[in-house]
Amino acid sequence: MLRRLSLFFLLLFPLVLAAQEKPLDILILSSHTESSEWAQHMLRPVWDLQQERPDFSISLVYFQLLSHPSVQALEQARDSVLALHAVQPRLVILLGGSCFNFALDVEKRWKGVPMLLLGEQDYYCDIEYTLHGPGDPNANRYPLSDLKEKGYNLTLVNSPARVRRTVDLICTVQPELEKLFFIAGENYLCKERQWRLEQYVQEKYPNLSYQAIYSTDTSTDQLISLLEKEKGPKTAVFFGSWLVRQDYLKNVSTRHSTLSLLERITPLYTMFATDLEKHPGVAGFYSYSQAEYERTVRQRILDILDSGYQPALMPFAYMEASAPTLNYHTLAYFGLDTSLIPADAEVWYRPRTLWQQYGRQILWFSLIFFIVLGIVVLFTMSHSMRAMKKARNMAERASNIKSAFIQNMSHEIRTPLNSIIGFSQLMCLPEGAVTEQEREEYLSYIMNNSQLLTVMVNDMLGIADMEHGQYTVQKAPTNLNEMARQAIKAIEGRIPPGVVLVRQPGLDEDARYITDGLRVQQIMINFLTNACKHTTSGEIIFGSSLVENPGYITFYVADTGPGVPADKSESIFDRFVKLDSSKQGAGLGLSICRMIAQSLDGKVWLDTQYTNGARFVFAFPKEEA
């Protein structure tokens, strides 16, 4: 009754799809059952595509080959499924070598239909052999390439069970192996694996005892009893399947329960990653890369459905073997030498190393140890360390100053130089290319940047002279009002449009004082240049006084710019300090002003009481001529 219901639903689903007017995108004919994990893994790229492409219509039919009592019953079910699809699908996928011979009937039904075959063989056998009888090395095996040569529009993605590589892996990790058991089900693929395995063992390992245990003539209890007697490091089990035709739909799910019973008796190897995922006692497996298989199948489907490529023009794709996978815990459990694990193997459940277990504690202990050691060393060598630290700091400071100087000056000098070169090139254009007004404008740019470059070069030379003790002050009777007028003339080209320069003289016109007039003028020019840089509107006040600081001659420059924060009133006189990095200059001007003022026994400072902008003051002792 159950078998009849299964056949009814098997045929009903394609009947519904056949009523659709739109051709089916993919028709999948699977030789397995819906609960087969192997089939689900093989179809994973199809389900992933369906999630991404809901426009794909897919029909999947599980033929459950072992459930059919005869060849006639299987052929009848196959013909019924094909007949109920009135419209030719765009692609037919045959899943599992057991149904590769369906390609003949699919081609007969829809001549030239694209077919994609997924399985572990590149040949097919007679249906009679597929359904009945033991594995036979002399059975008829027809290469799929022959069908291709006959004009069948098909291609193959071959994902073989790595039977030979698995045997080699077993003999590598168990060099004393004497007996190998193969657990064989009644299904077609297991039959094919069994005779290939037997043939390989006889050829390469003639001294190894090989025995196949068939589910058709051995019960699960008998299997366990047999392995209990043979267990040990000199024995291994290669698990293929435990399916039988009788009550096939019931015992499909017994595969994992059988694995659970065997995995602790003797080292047990399989062909699928899912076995090790579900059974932590499985010793290992050797297979192809599942990821590579999924990428290949996905691309083949898209090439056929989206790009219109014909399978007949696609070469067969053979999945290469990936690295073997071994279970460290299981090998150790059975007393096997884990040092024999191949270097390229992926190892599950490997014990953590000492560093992996106690790495954090080791780090903390090391840290505390070195801290204590450092304290002891510092305490015993404090005097010499202080001297070395002082010398090192001085060297680093000198190096930092040098580096900062080079970095600042290389940038600041390049800016006016580029401007001078650029506008000079424009001035050299052929007559008529530049108007007279533009020439005058370019000339003003050249003059302005030349003056800026001169100031920076003078600043650098002044710093160098001061550091080498070559900076001299030559005091003489000087008309400071004349020095002030010359300072204004030197910077008047730099006064921004819309800014008014106001002079507030506070000295008698003809008065002369003993000082170095050029050095005083240098400070005035620096103050005025800074004011021009930072004032975009309003006024710049340049004044002098004899009463603001009694006993001193005072010069000041006040502007209506953004001003200087009070907490920066001292740091701005340090070298290379610039509050606004977008403004031109090397940040040396105010530092030089302070050094000049000190050489004249005077001082410069920022008037922090002034709130309309910035006000810089220079005062030096009054000494009349």
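The exercises below, each with a worked solution, concern a predicted model of a single protein chain.

**Exercise 1. Describe the chain as a whole: how many helices and strands are there, and what share of the residues is buried?**

Begin with the secondary structure, which comprises 21 helices and 22 strands. Turn next to burial: of the 625 residues in the chain, 46% are buried. The surface follows, since the chain exposes about 32000 Å², of which carbon and sulfur atoms supply 55%. Finally, consider the contacts with a sequence separation of 6 or more, 72% of which join residues 24 or more positions apart.

**Exercise 2. Work out the strand order of the seven-stranded open sheet, and state which strands are its edges.**

The order of the strands is 9-8-10-11-12-14-15, and their pairing is mixed. Strand 9 (209-214) and strand 15 (346-348) each pair on one side only, and these two are the edge strands. Beginning at strand 9, one finds that it pairs with strand 8 in the parallel sense over six bridges, and that alanine 184 has tyrosine 214 of strand 9 as its bridge partner. Further along the order, strand 11 (residues 268-270) and strand 12 (residues 284-285) are also parallel, pairing over two bridges, with tyrosine 269 opposite glycine 284 of strand 12.

**Exercise 3. Examine strand 8: which residues point each way, and are they buried or exposed?**

As a starting point, side chains in a regular strand alternate between the two faces of the sheet. In strand 8, Lys179, Phe181 and Ile183 point one way, while Leu180, Phe182 and Ala184 point the other way. Both sets are buried, in keeping with the count for strand 8, in which six of six residues are buried. To see what lies across this strand, take the helices in turn: helix 8 (residues 163-173) lies across strand 8 (179-184), strand 10 (235-239), strand 11, strand 12 and strand 14 (325-327), and runs at about 155° to strand 11. Helix 9 (residues 188-204) lies across strand 8, strand 9 and strand 10, at about 165° to strand 8.

**Exercise 4. Explain why the buried residues of helix 10 are on the same side of the helix.**

First identify the buried residues of helix 10 (residues 220-230), which are Leu223, Ile224 and Leu227. They cover an arc of only 95° around the axis, and therefore they are on the same side of helix 10. The face turned away from this buried side carries the exposed residues Asp221 and Lys229. After helix 10 comes glycine 232, with a positive phi near 145°.

**Exercise 5. Identify the residues that touch the most other members of the largest nonpolar core, and follow the contacts of one of them.**

The largest nonpolar core has 62 residues, and those touching the most other members are Ile93, Leu118, Leu180, Tyr269 and Ile301. Taking leucine 118, and leaving aside neighbours within four places in sequence, one finds contacts with residues including Trp38, Met42, Ile93, Phe100, Val157, Tyr293 and Val297. Apart from the largest core lies another, of 37 residues, with Ala487, Ile488, Ile523 and Val604 among them.

**Exercise 6. Place glutamine 486: which helix holds it, and why is it classed as partly exposed?**

Glutamine 486 belongs to helix 19 (residues 480-491). Its relative accessible area is 36%, and because the partly exposed class lies between 20% and 50%, glutamine 486 falls within it. As a last step, compare sequence with space: glutamine 486 and methionine 524 are 38 residues apart in sequence, while their C-alpha atoms are 9.7 Å apart.

How values were computed: Residues numbered from 1 in each chain as written. Predicted model: local features only at pLDDT ≥ 70, side-chain atom pairs only at ≥ 80, totals over all residues. Heavy atoms only, no water. Pairing = 2+ DSSP bridges. Helix = DSSP H or I, 4+ residues; strand = E, 2+ residues; numbered from the N terminus. Contact = heavy atoms within 4.5 Å. Axes fitted to C-alpha atoms, helices over the stretch in contact; angles between N-to-C directions. Buried < 20%, exposed > 50% of the residue type's maximum accessible area, 1.4 Å probe, protein only. Arc of directions from axis to C-beta. Core = buried A, V, L, I, M, F, W, Y, C linked by side-chain atoms within 4.5 Å. Areas by Shrake-Rupley, 256 points an atom, 1.4 Å probe, with all protein chains shown as cover.
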